[in-house]
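Biologist: Got a minute to go through this model with me? I'd like to start with the sheet and then jump around.

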Amino acid sequence: MAVLVYEGVGLFELGVACDVFGCTDLTDLGVPWYRLSICAAGAGAVRADGGLRIQPQYGLDRTRRVDTVVVPPTSRLDAVPSEVFDALRRAHARGCRIISLCTGAFVLAEAGLLQGRRATTHWTECDDLARRYTDVSVDPGVLYVDEGDILTSAGSAASIDLCLYVVRGDFGSEIATQLARQLVVPPQREGGQAQFIAAPLPTLDTANLFADTVAWVQEHLNEQLTVADLAARSAMSPRTFARQFLAATGTTPHQWLQRQRVHLAQRLLETSDLPIESVAESSGFCTAGNLRKHFSRVMQTSPQAYRRTFQHRSG
C-alpha cells in the first residue's frame, strides 16, 4: 500500500492512514498486515498543512508495485505535481485500488478518475467539487462511497470510517472491530455526513409576505398544522400560498414545515432526556415511528443515534 504526500498534505488524514494501514503493533490480530510506503514526486521533503516537513521514503515508482494507493487531502491542489496525476492514472489502469480521504477527492477528480462516478468529500467542499467537476456525482450526506476500485471518504474523521471499512473488507469484521478497539473508535458509525451539516432554511425578514405566518408556525410546531391552515393564516388560497411560498423560500410549505419539525426534534434530542415518543409529540410528528421516518430521511441517521452522538451530558 502506498500513501501519496505532496505540498499542503493534511496531517490528520495522513496520520489516520499511517495508524490504520501502517501500524506495526498488530501482532494480536493474527493476520499479515499491510506493507505501507510513503511516496512523493521527487526526492525532496514536502511541507504538510501545519508546516511540518515530511521526508518520503519512496518516489512515485513505488506506486507501480502496490495494490492500493491512498490519496490524502491537500490545501495546495495547484501545487500537486503532474507526475502524481500520471501515477494515479497508471495505477488505476492496472487495477490498483484507489482511496481518497476527505478532500483528496479533488486530487482524484483532477486526475480524471471520478468521471461518471459517485463520490464524496467534506460537506463544506461538496458544492465546489460538483461545480468544478460536473461529470462527478457528488453525495454530500454519506461518510464514504465505495465504487469498487475507487473509494472516497467525507470530512476528516470519516477517513477513519473508510479505512476501517477497507480493513473490514480485506480481513473481516472481527479484525476490523479489534483494530477499532485499539484505536478507541466505534467499529462502524451510524448515519452519514448529513447529521453534521448545518443547513438552515432561508430566514425571512419582517417585510416578507410570509414572515408573520412563519414566525407563528415556529411557535406551534407541536400542533397538527396543514398547508391549508398556513394558507388561511396568510389569507390566501392553498394553491396561491404554495406557489408564492415556494418563490419566496425556495421550498414547498410542506417541506419547510417538516424540516422545521426535524430541527426542533434535533434540539430536543440534544438538550433533553425526553423519551423518543415525547420528542415526537413535542415536534409535531405525533408518533415515534413518524419521527423516525422523517428524521432519518433528512438526517440519514436515527433519532436515537443522533442523541448518542450529540447530546451533552454533565458530570
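**Sheet, helices and cysteines**

Modeller: This is a predicted model. Let's begin in the sheet: β6 and β10 run parallel, joined by three bridges.

Biologist: Which residue of β10 is the bridge partner of I98?

Modeller: I150 is the partner of I98.

Biologist: What about the faces of β10, covered or open?

Modeller: Both are covered. I150 and T152 are buried on one side, L151 and S153 on the other.

Biologist: And how do β9 and β10 pair?

Modeller: Antiparallel, over three bridges. Y144 stands opposite S153 of β10. The two strands form a hairpin with three residues between them.

Biologist: Which residue in that turn has a positive phi?

Modeller: G148, with phi of about 90°.

Biologist: Zoom out. What is the strand order in the sheet?

Modeller: It goes β2-β1-β5-β6-β10-β9. That is six strands in an open sheet, with mixed pairing.

Biologist: Which strands are at the edges?

Modeller: β2, residues 37-39, and β9, residues 144-146. Each of them pairs on one side only.

Biologist: How much twist?

Modeller: An average of 20° from one strand to the next.

Biologist: And β1 with β5, parallel or antiparallel?

Modeller: Parallel, over two bridges. β1 covers residues 2-4 and β5 covers 68-71. A2 sits opposite V69 of β5.

Biologist: What helix lies across β10?

Modeller: α5 does, and it also lies across β6 and β9. Its direction is at about 145° to β10.

Biologist: Stay on α5. At what angle does it pack with α6?

Modeller: Also about 145°, with the axes 7 Å apart. α5 is residues 158-171 and α6 is residues 173-183. The crossing is right-handed.

Biologist: Which residues make the contact?

Modeller: From α5: L164, V167, R168 and F171. From α6: S173, I175, A176, L179, A180 and L183.

Biologist: How many of those are nonpolar?

Modeller: Eight are nonpolar, with one polar and one charged.

Biologist: Switching to cysteines. How many disulfides are there?

Modeller: Zero.

Biologist: Why no bond for C102?

Modeller: The closest cysteine sulfur is in C126, and it is 9.6 Å from the C102 sulfur, so the pair is too far apart for a bond.

Biologist: Where does C102 sit?

Modeller: In the loop between β6 and α3. Its phi is near 55°, a positive value in a residue other than glycine.

Biologist: Is C102 buried or exposed?

Modeller: Its relative accessibility is 6%, so C102 counts as buried. The cut-off for buried is under 20%. C96 is buried too, at 1%.

Biologist: Where is C39?

Modeller: In strand β2. C39 is buried, with a relative accessible area of 0%.

Biologist: What does C39 touch, sequence neighbours aside?

Modeller: Leaving out residues up to four places away, C39 touches A2, V3, L4, V5, P56, Y58, G59 and R62. C39 and L4 are 35 residues apart in sequence, with their C-alpha atoms 4.9 Å apart.

Biologist: Now V84. Which helix holds it?

Modeller: α2, residues 82-93. V84 is buried, at 1% relative accessible area.

Biologist: What is V84 in contact with?

Modeller: L4, Y6, A41 and L60, leaving aside neighbours within four places in sequence. L60 is 24 residues from V84 along the chain, and their C-alpha atoms are separated by 7.3 Å.

Biologist: Back to phi. Where is A235?

Modeller: In the loop between α8 and α9. Phi of A235 is near 60°, again a positive value in a residue other than glycine.

Biologist: Is A235 buried or exposed?

Modeller: Exposed, because its relative accessibility is 71% and the cut-off for exposed is over 50%.

Biologist: Last topic, the whole chain. How many helices and strands?

Modeller: 13 helices and ten strands. The protein chain has 315 residues, and 47% of them are buried.

Biologist: What share of contacts joins residues at least 24 apart?

Modeller: 63%, among contacts between residues at least 6 apart in sequence.

Notes
Residues numbered from 1 in each chain as written. Predicted model: local features only at pLDDT ≥ 70, side-chain atom pairs only at ≥ 80, totals over all residues. Heavy atoms only, no water. Axes fitted to C-alpha atoms, helices over the stretch in contact; angles between N-to-C directions. Helix = DSSP H or I, 4+ residues; strand = E, 2+ residues; numbered from the N terminus. Left-handed = near helix turned anticlockwise from the far one by under 90°. Contact = heavy atoms within 4.5 Å. Nonpolar A, V, L, I, M, F, W, Y, C, P; charged D, E, K, R; others polar. Pairing = 2+ DSSP bridges. Buried < 20%, exposed > 50% of the residue type's maximum accessible area, 1.4 Å probe, protein only. Disulfide = S-S within 2.5 Å.
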